[in-house]
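Colleague: Could you walk me through this structure before I go back to the bench? I would like to start with the pockets and then jump around a bit.

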Amino acid sequence: MIHGSTETYAVDDSRIITDGSDFFRASITVLVDTFSKCIVGFYLSFRGPSYNSVRCAVLNACLDKKDLLEKYPDIEKDWPCQGRIEALVVDNGAEFWSKDLERFSASIGMSVEYNPVGKPWKKPLVERIFNTYNTEFIHQIPGKTFSSAKDLEGYEPEKDALLPFSRFLHLLHIWVVDIYNQQPNKRRTNIPALSWQIGCQDFPPVVYQGTEKQRFKIESFPTVYRDLRPIGIEVDHINYSSEMLVEFRKNHPPPPGQKKHKLCVKRDPSDVSFVYVFLPELEKYIKVNATSQEFQLEGVSIFQYQVMRRLLNNHIEINTDHEGLALANMKLSERMDDIKENALAKKKSSLKGMKSVAAFIGVDSDGDATFESVHRDLKSRDNSMCDSSEGGLTDSKNFEHVDDWHNIADDVEPY
């Protein structure tokens, strides 16, 4: 069983300051193994608690830490904690109440249990870890703050706030792997890393490898459902399409009673340049790349993309001539009213075949012909054809069959 909780520094009287000029509030989501008391995973971010912070903490806990330890070669001990979570016990933070967490936990066979509201003693593991985290680690960092005004007397944290976030993260990994997981508890009855090793001998964890590892990551991504259209799938004004998706639409009709396929779409929060689409008939996810060219999307996170769109909207709003557009619309409306009045004043028979005649004389945006000239040609059409002496057109009976220009031009192919 894993206990999970999120701690926001601003709530627990500590802050990280990265440049000495302003306060940056960060939050950490921690997962603790119930049996061994090991910290098996965590996620630290400035974006605040959310499903993504829970997702990243779960991935950090369940997957192997090899790449992570290679990133920090000065960490001396191993961090072997990994494997499938059977039960995740969480507090009642908003980040733990989401449809995405429900879908994710159901897809990987993980049950989620919620701690009763107002009873923090029901989850003493994470509460104790946060207390240890604050007293033994955070309070040693220059730039920390306190909640009590008495503690802040004569102390100016911004003057000592010289620790970059990357360095703080490095120190945090050292503290978790080499100190917390390795030191015995106060009663000298348990060493988390040793207990993990003993527990793995009796009950080896189910680890994620190969295709299972990839599927596990995909299932963790936030889920949306979108209609499959000829252009593909659209998410947040980004179009996604691929040959496989087009072939699927051609070869598999929608379910009975539906006009379109509504497909499950998974998107990596750190990269909007592609999505994973689940094809039910094929029972698998396929990777579909973005086809939109509005922005350079590779490596752009959802958060960054939303900021970029907001900036674009602001730019368009600032540079839009609203007064000029309003005047142009008024002028266009007046001209359309004039055209409508003129059209109603004319007899219906005089307008017969107008479209075909316009096509015949070449009314287009490149030429000088107008609909007024079309109308004049239409009125003079009978006279010019009756004056012809060839083909028997002077006979009114023979002339009737060419009076409808729709019939004349109907079979002619456009070019």
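Modeller: A word on classes before the pockets: Ala, Val, Leu, Ile, Met, Phe, Trp, Tyr, Cys and Pro count as nonpolar, Asp, Glu, Lys and Arg as charged, and the others, Gly among them, as polar. Please also keep in mind that this is a predicted model.

Colleague: Fine, so how do the residues lining the largest pocket divide by class?

Modeller: The lining of the largest pocket has 12 nonpolar, 6 polar and 9 charged residues, and the volume of this pocket comes to about 790 Å³.

Colleague: Which residues are closest to its centre?

Modeller: Of the 27 residues in the lining, F42, Y43, C56, L59 and N60 are the closest to the centre of the largest pocket. The elements that give two or more residues to that lining are β3 (39-45), α1, α2 (66-71), α6 (165-180) and α8.

Colleague: And which element gives the most?

Modeller: That is α1, which gives 5 residues to the lining of the largest pocket.

Colleague: You listed C56 there, so is it buried or exposed?

Modeller: C56 counts as buried because its relative accessibility is 18%, and the cut-off for buried is under 20%.

Colleague: What about other cysteines, and how many disulfides are there?

Modeller: A search of the whole structure turns up 0 disulfides. As for other cysteines, C264 is buried, with a relative accessible area of 13%, whereas C200, which lies in helix α7, counts as partly exposed at 23% relative accessibility.

Colleague: How far apart are C200 and C81 in space?

Modeller: Their C-alpha atoms are 9.6 Å apart, although C200 and C81 are separated by 119 residues in sequence.

Colleague: Changing topic, which residues touch the most other members of the largest nonpolar core?

Modeller: V58, L172 and F216 do, in a core of 46 residues. The elements that give two or more residues to this core are β2 (27-33), β3, α1, α2, β4 (87-90), α3, α4 (124-137) and α6.

Colleague: What does V58 touch?

Modeller: Leaving out residues up to four places away in sequence, V58 touches L31, I85, L88, F104 and F216. There is also a second, separate core of 20 residues, which includes I238, Y240, F248 and L297.

Colleague: F216 keeps coming up, so which residues of its helix are buried?

Modeller: F216 belongs to helix α8 (residues 210-220), where the buried residues are F216, I218, E219 and S220. The buried residues of α8 pack against α1 (51-62), α3 (99-108), β9 (262-266), β10 (274-279) and β11 (284-289).

Colleague: Back to empty space for a moment: how many cavities of 30 Å³ or more are there?

Modeller: The count comes to 3 cavities of 30 Å³ or more, and the second largest cavity has a volume of about 50 Å³.

Colleague: What lines the second largest cavity?

Modeller: Its lining is made of I28, V30, I39, F42, I129, F130, Y133, L172, W175 and V176, and the elements that give two or more residues to it are β2, β3, α4 and α6. By class, the lining of the second largest cavity has 10 nonpolar, no polar and no charged residues. F42 was also listed among the residues closest to the centre of the largest pocket, and L172 was one of those that touch the most other members of the largest nonpolar core.

Colleague: Any odd backbone angles worth a look?

Modeller: K37 has a phi near 70 degrees, a positive value in a residue other than glycine; K37 sits in the loop between β2 and β3 and counts as partly exposed at 30% relative accessibility. R188 also has a positive phi, of about 60 degrees, although it is not a glycine. R188 is placed in the loop between α6 and α7, and at 66% relative accessibility R188 counts as exposed.

Colleague: How far is K37 from N185?

Modeller: The C-alpha atoms of N185 and K37 are separated by 9.6 Å, with their positions 148 residues apart along the chain. N185 is found in the loop between α6 and α7 (192-202), and N185 counts as partly exposed at 26% relative accessibility.

Colleague: Last one, how many helices and strands does the protein have?

Modeller: There are 15 helices and 11 strands, and 38% of the 415 residues count as buried. Among contacts between residues at least 6 apart in sequence, 61% join residues at least 24 apart.

How values were computed: Residues are numbered from 1 along each chain as its sequence is written. This is a predicted model: local features need pLDDT of at least 70, side-chain atom pairs count only at pLDDT 80 or more; totals for chains, interfaces and linings use all residues. Side-chain values use heavy atoms; hydrogens and water are left out. A disulfide is a pair of cysteine sulfur atoms within 2.5 Å. Buried means under 20% relative accessible area, exposed over 50%, partly exposed in between (1.4 Å probe, protein chains only). Helices (H or I, at least four residues) and strands (E, at least two) are DSSP runs, numbered from the N terminus. Contact means heavy atoms within 4.5 Å. On a 1 Å grid over the protein atoms alone, a cavity is a set of points where a 1.4 Å probe fits but cannot get out, and a pocket is an open set with protein on both sides within 12 Å along at least five of seven lines; lining residues have an atom within 4 Å of a point. Grid points are joined across faces, edges and corners, and a volume is the space filled by probe spheres set on the points. A nonpolar core is a set of buried Ala, Val, Leu, Ile, Met, Phe, Trp, Tyr and Cys residues joined through side-chain atoms within 4.5 Å.
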